[in-house]
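Open the model in your viewer and keep the selection panel at hand. This tour goes from one selection to the next and says what is found at each stop.

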Amino acid sequence: MATRLVAGRRRAEWTTTHDGRGVVTPPVWRASTVLFDSVAELRAAGRDANAGLYYGRRGTPTQWSLAESLTELEPGAAGTMLYPSGVAAVTTALLAVLKPGDELLLVDSAYDPTRAFARSVLEPMGITTRFYDPLVGAGIADLIGPKTRAIFLESPGSLTFEVQDVPAIVAVARAHGLVTLLDNTWATPLLFPAIARGVDLTILACTKYIVGHSDAMLGSVTAGPAHWETLRRTTHALGHCVSPDDAFLASRGLRTLALRLKAHGEAALTVARWLATRPEVARVLHPALPDCSGHDIFTRDFAGASGLFAFVLAGGDDAARTALIDGLAHFGIGYSWGGYESLALPVDPAAIRTATRWQTEGPLVRLHIGLEDVDDLIADLARGLDRFAEARGGMGKTSSEA
Ligand SMILES: *Cc1c(COP(=O)(O)O)cnc(C)c1O
């Protein structure tokens with residue numbers, strides 16, 4: 001994988017000039033209009049979607065090299081389409097496989113905007129959604145009805161980190177002729193090669209670890225052979241295209257992905273294990289730790305962990321949690337994750353759930369562990385837990401719902 005990330009898509013025709021010399025990195029090609037030598041050539045290019053430069057919306061070598069390299073990371077994949085955000089990737093993948101009258105099975109721990117899209121766009125189109133327990137495994141078979149067309153997975157789940165039994169669900173889907181889609185943003189293909197595991201369409205919010213520097217929005221969908229043409233058609237029909245500058249930033253991020261993921265993963269596990277020893281912490285929701293639902297499946301299926309997890313405070317209320325987060329020196333407060341910097345966020349999944357109940361001993365904090373010195377992060381969190389304990393004060397370890 002590390003070798004592929006370095007060697008990937010530095011094709012000679014994208015890096016070499018007419019004198020035969022080449023640069024290391026494919027440069028940024030910006031384009032709307034593409035010029036042809038003749039009317040005949042213009043017409044010929046229009047007949048073949050793979051014929052190279054045609055019009056800016058179809059991309060330039062800058063976007064193609066990124067898409068190609070993402071495909072290379074997924075053994076068995078047929079191709080990758082790029083999107084202006086992770087949400088656009090999720091919604092386009094769903095529109096590519098669903099039609100009016102279909103039913104979608106959507107995991108209850110999915111990223112909230114994915115749920116919102118099912119309600120606000122799919123439902124008015126006559127596509128119904130049924131939410132399912134992330135721990136359902138092969139039991140998904142009991143939820144399949146005559147209209148079920150697709151199963152959407154996200155593993156580990158957003159905010160709560162339940163690990164799904166992807167192979168079991170994929171096997172049931174195959175037996176029933178259903179399409180599977182996986183939001184693989186947390187693991188990336190480096191930690192979970194989704195297409196090789198039988199998933200039909202795998203989705204990345206490249207905004208997170210692929211770009212890796214919190215400075216561009218981008219999404220991708222990589223498809224197996226059965227769904228690639230449909231995905232491409234739908235994407236072109238919806239007019240999606242991405243900025244070559246953003247694609248360049250993602251390609252640059254990809255070069256160091258293996259190193260960064262390893263560093264994020266190791267530091268996050270160190271912080272998670274330390275948090276688990278603290279009396280102010282009731283539970284740590286990190287897939288590599290036994291308190292996380294689906295931990296056994298994680299150990300079986302994943303090549304490692306990335307840098308995002310959450311922990312449940314022992315009692316306290318939102319004000320006590322805020323005292324912890326507000327005073328942190330090395331953790332930013334903000335959405336997204338996957339950049340080189342650490343982030344802390346108050347999260348409240350209970351109100352989002354519909355198929356399962358989410359109940360905890362106290363409020364929840366989500367952390368993204370960046371590339372800072374891990375001792376600095378732990379010292380910062382130790383001071384934060386002191387502030388939390390003081391703010392919790394006489395309340396003691398009360399039981400409250402997050
Ligand atoms: C952030 C995120 C998305 C959406 O990505 P954007 O680029 O922010 O639109 C989708 N899925 C998951 C799991 C995410 O964390």
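Helices and strands here are DSSP runs numbered from the N terminus, a helix having at least four residues and a strand at least two. The model is a predicted one.

**Stop 1: the largest cavity**

Select Arg9, Thr25, Pro26, Pro27, Thr62, Ser65, Phe248, Ser251 and Arg255, which line the largest cavity. Its volume is about 60 Å³. Now colour two helices: H4 and helix H10 (244–255) each supply at least two residues of this lining. H10 has the largest share, with 3 residues. By class, the lining of the largest cavity has 3 nonpolar, 4 polar and 2 charged residues.

**Stop 2: the second largest cavity**

How many cavities of 30 Å³ or more are there? The count comes to 4. For the second largest, select Asp108, Ser109, Ala110, Asp112, Ser158, Leu159, Thr160, Pro349, Ile352 and Arg353, which form its lining. The space inside the second largest cavity is about 50 Å³. Its lining divides into 4 nonpolar, 3 polar and 3 charged residues.

**Stop 3: the largest pocket**

Leave the cavities and turn to the pockets. The largest pocket holds about 660 Å³ of space. To find its centre, select Arg58, Trp64, Ala67, Thr80 and Arg232, the nearest to that centre among the 31 lining residues. Then show helix H2 (12–15), helix H4 (61–72), strand E1 (79–83) and helix H9 (228–238), the elements that give two or more residues to this lining. Which of them gives the most? It is H4, with 5 residues. H4 also supplies at least two residues to the lining of the largest cavity, so keep it coloured if you go back to Stop 1. The lining of the largest pocket comprises 13 nonpolar, 11 polar and 7 charged residues.

**Stop 4: the second largest pocket**

The second largest pocket has a volume of about 540 Å³. Select Tyr111, Ser158, Lys208, Trp337 and Arg366: of the 31 residues that line this pocket, these are the closest to its centre. Add helix H5 (86–97), helix H6 (112–122) and strand E10 (343–347), each of which gives two or more residues to the lining. By class, there are 17 nonpolar, 8 polar and 6 charged residues in the lining of the second largest pocket. Ser158 is also one of the residues that line the second largest cavity.

**Stop 5: the ligand**

Where is the ligand? The space it takes is the second largest pocket. Keep that view and select Gly86, Val87, Asp183, Thr207 and Lys208, which come nearest among the 13 residues around the ligand.

Three distances can be displayed in turn:

- Gly86: a polar backbone atom is 2.8 Å from an oxygen atom of the ligand.
- Asp183: a polar side-chain atom lies 2.6 Å from a nitrogen atom of the ligand.
- Lys208: a polar side-chain atom lies 2.7 Å from an oxygen atom of the ligand.

Taken alone, the ligand exposes 380 Å², and the protein buries 92% of that. The shell around the ligand has 5 nonpolar, 5 polar and 3 charged residues. Lys208 is a residue to leave selected at the end: it is among those closest to the centre of the second largest pocket, and it is among those that come nearest to the ligand.

Terms used. Residues are numbered from 1 along each chain as its sequence is written. This is a predicted model: local features need pLDDT of at least 70, side-chain atom pairs count only at pLDDT 80 or more; totals for chains, interfaces and linings use all residues. Side-chain values use heavy atoms; hydrogens and water are left out. A residue is near a molecule or strand if one of its heavy atoms lies within 4 Å of it. A polar contact is a pair of N or O atoms within 3.5 Å; within protein, one must be able to donate a hydrogen and the other to accept it, and residues adjacent in sequence count only if both atoms are side-chain atoms. Accessible areas come from the Shrake-Rupley method with a 1.4 Å probe; for residues, only the protein chains shown count as cover. On a 1 Å grid over the protein atoms alone, a cavity is a set of points where a 1.4 Å probe fits but cannot get out, and a pocket is an open set with protein on both sides within 12 Å along at least five of seven lines; lining residues have an atom within 4 Å of a point. A molecule sits in a cavity or pocket if more than half of its atoms lie within 2 Å of its grid points. Ala, Val, Leu, Ile, Met, Phe, Trp, Tyr, Cys and Pro count as nonpolar, Asp, Glu, Lys and Arg as charged, and the others, Gly among them, as polar. Grid points are joined across faces, edges and corners, and a volume is the space filled by probe spheres set on the points.
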